[in-house]
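Visitor: I am new to this structure and would like to understand the terms used to describe it. Please show it to me, and then let us discuss how each term is justified.

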Amino acid sequence: MTGDLKNKTLENERLEIQMLLEAIHQKYGYNFKDYASAHTKRRLHHRLNISNMSNYAQMMHRIIYDEDFFNSLLLDLSINITEMFRDPMVYKKIRRELIPRLKTYSFIKVWHAGCSAGQEVYSISILLEEEGMKHRSQIYATDFNELILDKAKKGIYPLEVMKTYTGNYQQSGGKNDFSDYYTADYDNVILRQSLKEKVLFSSHNLVTDGVFGEMNLIFCRNVLIYFNRQLQNRVLKLFYDSLCPGGYLCLGSKESLKFTDMEDKFEPIADREKIYRKKRLP
Ligand SMILES: C[S@@+](CC[C@H](N)C(=O)[O-])C[C@H]1O[C@@H](n2cnc3c(N)ncnc32)[C@H](O)[C@@H]1O
C-alpha cells in the first residue's frame with residue numbers, strides 16, 4: 001500500500017470509529033470520545049474480530065439494534081481487570097504511612113472511583129477493619145458500568161483467584177488469615193457480609209458526573225490510563241474538588257500527576273506507589 005493510500009485508509013477508519021462512538025453516546029449516553037484513541041481502536045477491533053463481522057458498518061447496526069451486543073462492547077471498552085490487594089506495596093504504604101495520619105480524624109470518607117467488581121473496595125474494608133477504623137469510616141464505591149457494579153455488590157469471586165489474592169494480602173502486611181474473610185461455596189468464595197457494612201455502591205460516570213464531597217482518600221487506579229489528556233485533567237480536577245485539604249489520592253502504577261494540570265496542586269507522598277496529597281491552601 002502506498003503511503004498516500006495508507007493515510008486515507010487510516011483516516012477513513014478514524015472517521016468510522018468516531019461515528020460508532022457518536023452512536024453509542026446518542027443511543028446509550030456513554031461518552032467514549034475522550035478515551036485514548038489507541039485503546040478504543042484496539043477494543044473495537046477485538047470485538048469486530050470475535051463477532052464475525054467484516055466491517056464497522058455492520059457493527060454500527062448491531063450497536064443500534066442489539067442492546068446485548070452493546071453491553072458486551074461496554075465491557076470491552078471499560079476493561080474490568082482487577083484484584084484484591086492489587087500492587088500489595090500500595091496497601092503496605094497506606095497501612096504504614098497514611099493510616100496513622102487518618103487515625104487523627106474522628107471520621108473518614110473513602111471513594112473508589114472505577115471500582116470494577118469491588119475487589120479494591122473490599123481490600124480497603126479489610127485494611128480499615130484490621131486497623132480498628134472501620135466503624136468510623138464510610139466507603140463510596142462507584143463505576144459507570146451497572147453490570148460490573150452488581151458483581152461488586154455481591155462480593156462473590158472465583159475460588160481459583162484466591163491463591164493470588166491471598167499472596168497479595170500477605171505481602172501487603174495483612175494481619176490475619178485471609179480465609180477468615182470468606183466462605184467457600186463450590187467454585188466460588190463469598191466475602192464476609194461485615195466487609196460490606198460501610199460500603200455504598202453507586203453508579204457514577206467520571207466523564208459526566210460531579211463531585212463527591214469532602215473525601216479523605218480517593219482511589220482511582222487503572223482508570224485514567226484509558227483517558228486522553230483532556231479527560232484526565234477534567235477527572236483530576238474533579239478529584240481535587242472532592243478531597244478535603246490534606247486528603248490523599250491514589251493512582252494506578254502506570255498513572256501519574258506529572259504533566260497534568262493538577263501537578264502543582266498535590267505533593268507526592270510515595271512516588272512508586274503513586275500516592276499524592278492535596279496541598280493545603282497557603
Ligand atoms: C481496569 S478497571 C480498574 C479497577 C480497580 N480500580 C483496580 O485498579 O483494580 C477500570 C474500571 O474503570 C471503570 N471506568 C471506565 N471508565 C469509567 C468512567 N467514565 N466512569 C467510571 N468508571 C469508569 C471501568 O468500568 C472499570 O471497572
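Visitor: What share of the 282 residues in the chain is buried, and what makes a residue buried?

Guide: In this predicted model, buried residues account for 35% of the 282 residues. A residue is given that name if 20 or more other C-beta atoms lie within 10 Å of its own.

Visitor: How many helices and strands does the chain have?

Guide: The chain has 9 helices and 10 strands.

Visitor: Why is the chain called as compact as a globular protein of that length?

Guide: Its radius of gyration is 20 Å, and the globule rule gives 19 Å for 282 residues; the two values are close, so the description applies. Along the principal axes, the C-alpha atoms fill a box of roughly 60 × 55 × 30 Å. Of the contacts with a separation of 6 or more, 77% join residues 24 or more positions apart.

Visitor: Why are α2 and α4 called oblique to each other?

Guide: The axes of α2 (residues 37-50) and α4 (residues 67-78) cross at roughly 140° and come within 9 Å. Roughly antiparallel requires an angle over 145 degrees, and roughly perpendicular one of 65 to 115. The angle fits neither class, and the helices are therefore oblique. The crossing is right-handed.

Visitor: Which residues make the contact between α2 and α4?

Guide: Thr40, Arg43, His46 and Arg47 of α2 meet Ser72, Leu73, Asp76 and Leu77 of α4. By class, this contact comprises 2 nonpolar, 3 polar and 3 charged residues.

Conventions: Residues are numbered from 1 along each chain as its sequence is written. This is a predicted model: local features need pLDDT of at least 70, side-chain atom pairs count only at pLDDT 80 or more; totals for chains, interfaces and linings use all residues. Axes are lines fitted to C-alpha atoms, for helices over the stretch in contact, and angles run from 0 to 180 degrees between N-to-C directions. Helices (H or I, at least four residues) and strands (E, at least two) are DSSP runs, numbered from the N terminus. Angles under 35 degrees count as roughly parallel, over 145 as roughly antiparallel, 65 to 115 as roughly perpendicular and the rest as oblique. A crossing is left-handed if the near helix is turned anticlockwise from the far one by less than a right angle, and right-handed if clockwise. Two residues are in contact if their C-beta atoms, placed from the backbone, lie within 7 Å. Ala, Val, Leu, Ile, Met, Phe, Trp, Tyr, Cys and Pro count as nonpolar, Asp, Glu, Lys and Arg as charged, and the others, Gly among them, as polar. The radius of gyration is taken over C-alpha atoms; the globule rule is 2.2 Å times the number of residues to the power 0.38. A residue is buried if 20 or more other C-beta atoms lie within 10 Å of its own, exposed if 12 or fewer, and partly exposed in between; C-beta atoms are placed from the backbone.
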